[in-house]
Amino acid sequence: MTVDDLGSVNRRLYSKLLAEAVNGMQISIFARKSDFQEVTHIKGLLKEWSPKVFQYGETARVGKLTREIVILYKPQLTEELIRIAAEVRILSPSCYLLVIGEGIPGMTLFHAQVNCALQLSEIKRIPELIHELKARSERITSDGGSMAMQELQEKNKELEKINFELDRFVYSASHDLRSPLTSVLGLLYLLREEVKAEGAQRYVSLMEESILKLDNIIRDIVAYSRNNRAGLQIEEIHLPELISDLEPGLRYLETGEITVSGCVKVMADFPFSSDRNRLVAVLNNLISNSIKYRHPARLPEIELNMERNGQHIVLVVSDNGIGIKEYHLEKIFDMFYRTSDHSTGSGLGLYIVRETIKKLGGTIRVDSVVNQGTKFTITLPLAYA
Amino acid sequence: MIILIDDNPIDTFIHTKALELGGYRGRIEAFHSAEKALEYFKGISTSAIEPDSFVLLDIRIPAMNGFEFLDALKRLDREVIATFPVYFLSSSLDLEDLQRANTYSNVVGFLEKPLTRHMVAELPGIHKVAS
């Protein structure tokens with residue numbers, strides 16, 4: 001049904017109904033100054049909604065468009081259409097964008113940004129379109145009963161269920177994978193006690209090393225999953241307490257007499273808010289790396305420093321280890337990146353560190369000098385909204 | 001007395017050995033299902049419970065798991081059993097398990113498998129049990 005079909009019947013009644021249907025809907029028309037005369041015709045068709053007319057190039061000046069329908073009239077070049085559509089989308093992401101024009105090549109290609117495109121000859125369809133649009137938007141917003149809403153809620157429920165199951169799956173699978181590993185590890189400890197021959201001791205050590213490597217990969221996968229799914233638990237944090245939480249996690253490091261408390265120095269401390277478990281996981285990773293890649297000529301020293309910087313907290317973890325070659329630096333946070341075949345890690349550690357810091361709303365940066373040491377600088381928000 | 005509850009006989013073997021290597025000389029009872037351990041607790045007379053006894057309990061045991069076992073112990077409604085000290089000994093990395101374990105007043109620790117003689121040496125009361 002178009003306005004024309006109704007012409008002879010009761011145009012006034014139709015207009016009134018239409019006005020009620022789209023009550024509250026506002027319309028902005030963008031056109032070239034030279035086309036304002038033609039736009040008057042559209043304004044006449046849409047006079048129930050008293051549309052406002054602007055010039056191309058005024059999008060920025062107009063600012064955020066509160067109007068719900070934006071009409072671009074005769075943008076003549078493809079580039080002009082793309083540019084203006086993009087400008088409108090940035091300022092008013094949820095508006096309905098209608099383009100009227102002719103012979104714009106590939107106009108339908110822009111449907112990601114443009115909701116509807118009409119040829120000049122179809123101008124009379126505009127009121128009808130707006131009517132449909134309003135009806136559709138009412139269907140979507142009417143509470144509870146609407147199909148769209150119900151569908152969304154069902155999908156959401158389904159996703160929550162899948163997330164929960166995936167979480168359970170990761171823990172169950174990791175447990176089932178680790179159980180036999182811990183049994184073998186236990187048997188190797190016993191073997192070490194009972195068989196003292198030098199060769200056998202060496203084989204046992206190598207077997208332990210291999211199993212711990214596999215175990216570390218499973219631990220990393222669990223840590224990755226945990227960071228992805230668990231919600232933030234913000235509480236007050238004191239750095240020295242955090243460090244004492246690390247000790248058990250670093251138990252398996254092959255360090256001999258090196259202990260966390262022996263090589264980590266907390267240089268500054270004031271309380272701040274963050275997610276304790278995530279921060280422990282981050283420091284655990286960084287400090288165990290510092291110990292693993294310590295310089296053979298000296299004992300490892302790790303300094304933890306922090307300062308306030310406006311609305312942020314800057315946490316610096318620096319060591320005196322072997323350092324990282326420059327060409328590795330930009331890749332060390334990548335998934336599965338390892339600096340050499342000899343490294344014992346899964347290639348997930350620093351990736352998880354970066355993802356965890358991201359989850360905490362912060363950033364991480366690395367600086368390093370080969371043979372001198374490595375410095376990680378973590379910036380975190382001081383408060384969580 | 002130390003009571004081991006774990007469905008994997010390899011693990012109870014390892015844990016028995018680790019306890020011995022850690023200097024423990026007392027009695028060790030191993031159960032490969034929580035139900036069997038529960039039967040044992042049902043039948044035990046208060047006077048037969050040696051001081052400083054404790055349980056090393058796995059979490060993921062088929063049929064009745066570690067938590068269900070603790071709930072069942074509580075339901076036996078005998079003070080001496082409900083307060084029997086329990087260490088969880090598991091390879092679980094699930095923080096929820098850890099949090100849940102902390103809700104039981106008689107759970108005194110959460111140990112990660114495998115048990116080693118160094119861990120045994122750090123268990124409080126282990127030498128008192130040994131004497």
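1. Let's start in the middle of the sheet: strands β10(A) and β12 (residues 373-381) of chain A pair in the antiparallel sense, with 7 bridges between them. Within this pairing, A:Leu315 has A:Ile378 of β12(A) as its bridge partner. Please keep in mind that this is a predicted model.

2. β10(A) also pairs with strand β9 (residues 302-309) of chain A, where 8 bridges join the two antiparallel strands. Two of the facing residues may help you find your way: A:Arg308 is opposite A:Ile313 of β10(A), and A:Glu307 has A:Val314 in β10(A) as its bridge partner.

3. The hairpin made by β9(A) and β10(A) leaves 2 residues between the strands, and A:Gly310 adopts a positive phi near 60 degrees there.

4. How enclosed is strand β10 (residues 312-319) of chain A? Largely, because 7 of its 8 residues are buried, where buried means under 20% relative accessible area.

5. Stepping back, the open sheet of chain A has 5 strands in the order β7-β9-β10-β12-β11, with mixed pairing. β7 (264-266) and β11 (363-369) of chain A are at the edges with a single partner strand each, so each has one side without a neighbour in the sheet. From one strand to the next, the twist averages 20 degrees.

6. Two helices are worth a look too. Helix α10 (residues 276-292) of chain A lies across β7, β9, β10 and β12 of chain A, at about 140 degrees to β9(A). Helix α12 (residues 349-359) of chain A lies across β11 and β12 of chain A, and runs at about 140 degrees to β11(A).

Key
Residues numbered from 1 in each chain as written. Chains lettered and ligands numbered in written order. Predicted model: local features only at pLDDT ≥ 70, side-chain atom pairs only at ≥ 80, totals over all residues. Heavy atoms only, no water. Buried < 20%, exposed > 50% of the residue type's maximum accessible area, 1.4 Å probe, protein only. Helix = DSSP H or I, 4+ residues; strand = E, 2+ residues; numbered from the N terminus. Pairing = 2+ DSSP bridges. Axes fitted to C-alpha atoms, helices over the stretch in contact; angles between N-to-C directions. Contact = heavy atoms within 4.5 Å.
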